[in-house]
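Student: I'm new to this structure and would love a close look at one part. Could you walk me through the sheet and the salt bridge on it?

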Amino acid sequence: MQNNTHALSNGFWDRFPKLTQMLLLIALSGAIVAVPASAQSAEGPNTKTGRILGTVVDTSDDPIPGATVFLQGPAGDRLTVVTKDDGAFVFDQAPAEIAYQVTVTAEGFADWNSSVTVKPGQDNLLSDVKLRILAVQRAVTVSYSEREVAAQQLKAEEQQRVFGFVPNIYVTYEAHPEPLTTGMKFHLAYKSLTNPVFFARTVAWAGVQQAADTPAGWRQGTKGYGKRVAAGFGDAATEGFIGNAILPSLLHQDPRYFYQGSDTNKSRALHAILAAFICNGDNGKAQPNYSTWGGSLISSAISLSYYPSSDRNAQHVFKNFGIGMGLHVAGGLVQEFLLDKLTSRGKR
């Protein structure tokens, strides 16, 4: 019995190396089989995401680099990528089974929007991401300069001529003339008093006075005629500058005649007569014509210094003032009903 037991024991230990070798082989085989299973279990969570990718191009199929792509989820979560040089973009880990809103923006292009859902493990390729070029909108600021328009209107007025050669610059045919600046008022006065027609008219009027022997204190002869010519220039210069430039500038009044040209003859006549008494202010409102009244009175007062002693009195001043206002009324009527037909209009 003991011999049999001993024999069995010796046989076990003789086979032990082989048994150990078999167990190691079995264990190694199990490890090899477990590796794929472990890898497979590790890959399981990735099946809950997918990829969203595409290429952003313009309407000519040229890629748009640097465009921003937003992936907006329903819960407010937001993913953002920027397109590469070839316009490509990709969202690698987009949670699956979620409805996303895709928005693509790029400077100078209209935004592109679309809805997209990705399935687990799916690559969802957006193949129609085309951006339209925005229409160029240019803001044009139109500025209106009263001074520039007034200068253009004044330039046209300076070219106005009766019979093609007699200046008629103190009338405006504009429906809505802009007010003159102080410089423009003095410019008009200077132009009026330096044109050849003014000199010819003054010399001719002195001849009429010479023939009528007025003022009588200057008598006849070359000396008397010279005094009448000098007085004519003095009267015109003082009234022209004071009544058409200095006072209009100080009082902000317009020295020009505003041609009406429409409505009934009665309305036009009333407008022409009242022009000597009512003028337009630089603010566009009607005002008492202090400039014309003041110019006539001050000019008549200054003339006392060079007229004969017999005319140096208040009667002379108010007589000349009355004559001057009468001439203004007559001038308005002539402008309204006659000179408009005979005056060539200037161009701006």
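Tutor: Here's a walk through one open sheet and the charged pair that goes with it. Keep in mind that this is a predicted model.

The sheet has 3 strands in the order β5-β1-β8, and their pairing is mixed. At the edges sit β5 (88-95) and β8 (123-126), each pairing on one side only. Going from one strand to the next, the twist averages 20 degrees.

Now zoom in on β1, which covers residues 49-55 and pairs with β5 in the antiparallel sense over 6 bridges. If you want a spot to find on screen, look for I52, which stands opposite F91 in β5.

Side chains link these two strands as well: R51 and D92 form a salt bridge, with their closest N and O atoms 3.7 Å apart. R51 belongs to strand β1 and D92 to strand β5, so the pair ties together distant parts of the chain, 41 residues apart.

Is D92 buried or exposed? Neither, quite: its relative accessibility is 41%, so D92 counts as partly exposed. R51 is partly exposed too, because its relative accessible area is 31%, and the partly exposed class lies between the 20% and 50% cut-offs.

The pair has company, too. Salt bridges with shared partners join R51, D92 and D123 into one network. For the wider picture, a search of the whole structure finds 9 salt bridges.

Terms used: Residues are numbered from 1 along each chain as its sequence is written. This is a predicted model: local features need pLDDT of at least 70, side-chain atom pairs count only at pLDDT 80 or more; totals for chains, interfaces and linings use all residues. Side-chain values use heavy atoms; hydrogens and water are left out. Two strands pair if DSSP finds at least two bridges between them. Helices (H or I, at least four residues) and strands (E, at least two) are DSSP runs, numbered from the N terminus. Axes are lines fitted to C-alpha atoms, for helices over the stretch in contact, and angles run from 0 to 180 degrees between N-to-C directions. A salt bridge is a side-chain nitrogen of Lys or Arg within 4 Å of a carboxyl oxygen of Asp or Glu. Buried means under 20% relative accessible area, exposed over 50%, partly exposed in between (1.4 Å probe, protein chains only).
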